[in-house]
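Colleague: Could you take me through one part of this model closely, beginning with a single residue in the sheet and working outwards from there?

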Amino acid sequence: MSDKSKVVFVKDGHRTEVEVLMGTSMLHAATDNLVNGIIGECGGDLSCATCHVFVEPEWFDRLPSAESEELEMLEATAEEPTEFSRLSCQLSCVSETDGIVLHIPDSQ
Ligand code: FES
């Protein structure tokens, strides 16, 4: 089995596919690959909400549920959250998420 996992980021209709080591956070999958629009100002400390993504609906239920701290922080995002919103710093790239599609908010 591969020790890598793929994430597809979509921003303004542009898709960027990255492959990272299993266990990498989706925030770092983006920032390590210079994906535009995922900022991650606080480095994953759940205090900035600049790592907000809209998970493609078919992938949403495959993710572990958000903890209360993440849900609180999702109220502070620049772009209005939806039922498919998550903070990418709280998500890990694992085999279950191989190929996941994350949409980056326009205003981020
Ligand atoms: S990187 Fe700051 S809340 Fe996710």
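Modeller: Once its neighbours within four places in sequence are left aside, V8 is in contact with R15, E17, G99, I100 and V101. This is a predicted model, and the contacts should be read with that in mind. V8 itself lies in strand 1, and the C-alpha atoms of V8 and D98, which are 90 residues apart along the chain, are separated by 9.4 Å. V8 is classed as partly exposed because 15 other C-beta atoms lie within 10 Å, a count that falls between the limit of 12 or fewer for an exposed residue and that of 20 or more for a buried one.

The sheet around V8 is open and consists of five strands in the order 2-1-5-3-4, with mixed pairing. Strand 2 (14-21) and strand 4 (85-87) stand at its edges, and because each has a single partner strand, one side of each is left without a neighbour in the sheet. On average, and with direction ignored, neighbouring strands of this sheet are turned by 35° against each other. Strand 1 and strand 2 are paired in the antiparallel sense over eight bridges, and K6 has E19 in strand 2 as its bridge partner.

Strand 1 also takes part in the largest nonpolar core, which holds 21 residues, and of these V7, M26, A30 and L102 touch the most other members. At least two residues of this core come from each of strand 1 (4-11), helix 1 (26-31), strand 3 (52-55) and strand 5 (100-103), with helix 1 giving the most, namely four residues. For A30, again leaving aside neighbours within four places in sequence, the contacts are F9, V35, I38 and S88.

The loop between helix 1 and strand 3 deserves a separate look, as L34 has its place there and A49 is found there as well. L34 has a positive phi of about 55° although it is not a glycine, and A49, also not a glycine, has a positive phi of about 65°. As for their surroundings, L34 is exposed because 9 other C-beta atoms lie within 10 Å, whereas A49 counts as buried because it has 24 C-beta neighbours inside 10 Å.

Technical notes. Residues numbered from 1 in each chain as written. Predicted model: local features only at pLDDT ≥ 70, side-chain atom pairs only at ≥ 80, totals over all residues. Core = buried A, V, L, I, M, F, W, Y, C linked by C-beta atoms within 7 Å. Contact = placed C-beta atoms within 7 Å. Pairing = 2+ DSSP bridges. Axes fitted to C-alpha atoms, helices over the stretch in contact; angles between N-to-C directions.
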